[in-house]
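This note is addressed to a colleague who is meeting the structure for the first time. Please read the points below with the model open.

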Amino acid sequence: MSDINQYLSEASRELLSDRVEALDLEMLRVVDGAIFPLVLSPREGELTDPTECHAWFAAHGETLREALRDHGTIFFRGFSLRGAEDFEGAIDQAQFKEMPYVGGAAPRAVVTARRILTANESPPDQPIPFHHEMAQVPNPPGYVFFYCEIAPEEGGSTPIVHSHRVYQRFRAINEDFCQKLEEVGVRYVRVMPSEDDPTSPIGRSWRATFQVSAEDAVEARRIAEQKMKEAGTEWRWLEGDELHTITATVPAIRVDPRTQKSTFFNSAVAAYTGWADQRNDPTRAVRCGDDSPVDGEVLLATAEAMKEERVAIPWREGDMMWIDNQLTMHSRQPYRGARRILAAIAPQQELNRA
Ligand code: FE2
């Protein structure tokens with residue numbers, strides 16, 4: 001890029017100093033005049049230990065949230081964050097609130113007592129399609145954080161795409177279908193196993209999904225049913241203690257209240273192309289809010305557009321990526337060998353300066 005500075009927002013410029021700079025990597029894009037994503041890195045010899053780093057995050061929490069709104073995602077490279085505790089510390093210091101992981105589809109392991117999980121541990125040879133985190137629940141997280149503990153040997157990056165760009169492309173592919181989804185929203189259909197199924201990308205059990213710890217089978221179902229009732233989910237129990245669910249209607253397109261930008265805030269493409277396992281047929285995993293079928297061809301064309309618009313920065317150990325979940329979709333490439341990416345989420349947070 002000729003001069004990255006012209007693609008930085010006011011807030012992101014405030015983050016730059018004689019200690020921290022914005023990097024210009026070849027794969028970066030410009031979306032609506034802003035660099036996507038913003039890549040921050042300490043200058044030579046600066047912020048060389050975790051304590052200094054944490055102090056920097058403590059001093060810039062609010063500005064970082066503004067920069068997230070302006071750029072959609074911030075990628076941090078070269079900060080001295082060595083492991084799960086340091087990663088958690090950075091998020092804590094920047095004052096992101098805590099949020100339990102309830103209602104997601106992916107199998108995960110808990111890493112720290114409070115807020116760090118492993119990223120989706122679904123099988124390495126399968127890609128995870130683009131999605132907003134937990135787009136299928138009523139209150140999805142405002143932010144998703146990733147940290148690279150062990151860099152993948154081959155593949156395994158976490159591509160991102162700006163959701164407003166996806167919306168623009170989706171609308172251009174088929175305006176009528178776009179308008180329909182804007183009006184009626186979508187519903188998701190998923191069959192959940194009784195126990196976590198690590199061979200499936202949507203193998204999270206209903207017990208884990210609804211955080212049911214009761215041993216007693218009747219009591220366990222009662223708790224799950226209560227949570228589904230609250231969420232407006234329709235359900236029926238299947239053989240083998242599996243659970244067939246249809247979510248309440250949720251919006252497919254959302255307008256980000258801070259930027260007034262329309263976003264492709266749904267899991268329609270992800271569900272239609274990726275929710276496949278022995279229990280689930282992906283072509284039936286999403287339907288329109290009026291229960292009519294979706295236009296699969298448009299969704300497939302939108303998936304292609306996402307590929308064209310995506311940015312994939314190969315992970316290096318210690319890298320961290322903060323995603324504004326309202327504005328950015330993420331995915332995962334298949335990989336081989338070891339890989340350990342940690343994840344955390346936080347709720348939407350009001351900005352003090354509009
Ligand atoms: Fe995700």
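1. By class, four nonpolar, two polar and two charged residues line the largest cavity. Here Ala, Val, Leu, Ile, Met, Phe, Trp, Tyr, Cys and Pro count as nonpolar, Asp, Glu, Lys and Arg as charged, and the others, Gly among them, as polar. The lining residues are Val31, Ala34, Ile35, Phe36, Asp70, His71, His162 and Lys261.

2. The basis of these values should be stated early. This is a predicted model, in which local features need pLDDT of at least 70 and side-chain atom pairs count only at pLDDT 80 or more, while totals for chains, interfaces and linings use all residues. Residues are numbered from 1 along each chain as its sequence is written, and side-chain values use heavy atoms, with hydrogens and water left out.

3. The structure holds one cavity of 30 Å³ or more, and the space in the largest cavity is about 30 Å³. A cavity is a set of points, on a 1 Å grid over the protein atoms alone, where a 1.4 Å probe fits but cannot get out; lining residues have an atom within 4 Å of a point. Grid points are joined across faces, edges and corners, and the volume is the space filled by probe spheres set on the points.

4. Which elements supply at least two residues each of this lining? They are strand E3 (34-36) and helix H2 (50-71), and E3 gives the largest share, three residues. Helices (H or I, at least four residues) and strands (E, at least two) are DSSP runs, numbered from the N terminus.

5. Helix H2 deserves inspection along its length. Its 22 residues span only 25 Å between the end C-alpha atoms, short of the 32 Å that a straight helix would reach at 1.5 Å a residue. The expected span is 1.5 Å times one less than the number of residues. A kink of about 70° in H2 is centred on His60; the bend at a residue is the angle between axes fitted to the seven residues ending there and the seven starting there.

6. Both ends of H2 can be described. At the N-terminal end, Asp49 acts as a cap, with a side-chain oxygen 2.9 Å from the backbone nitrogen of Thr51. After H2 comes Gly72, whose phi is positive, near 90°.

7. The peptide bond from Phe36 to Pro37 is cis, with omega near -10°. Pro37 belongs to the loop between E3 and strand E4 (38-42), and Phe36 is one of the residues lining the largest cavity.

8. Is Thr209, in helix H6 (residues 206-209), buried or exposed? Thr209 is buried, at a relative accessible area of 2%; buried means under 20% relative accessible area, exposed over 50%, and partly exposed in between (1.4 Å probe, protein chains only). Its side chain reaches the backbone oxygen of Ser205 at 2.7 Å.

9. Arg190, in strand E11 (residues 186-192), is buried, with a relative accessible area of 5%. Arg190 and Arg284 stand 94 residues apart in sequence and 8.9 Å apart in space, C-alpha to C-alpha.

10. Two glutamines have positive phi. For Gln95, in the loop between helix H3 (84-93) and strand E6 (117-118), phi is near 60°, and the residue counts as exposed at 56% relative accessibility. For Gln211, in the loop between H6 and helix H7 (217-231), phi is near 50°, and the residue is partly exposed at 46%.

Conventions: 1 Å grid on protein atoms, 1.4 Å probe; cavity = no way out; pocket = protein on both sides within 12 Å on 5 of 7 lines; lining within 4 Å. Polar contact = N/O pair within 3.5 Å; in protein donor to acceptor, adjacent residues only side chain to side chain.
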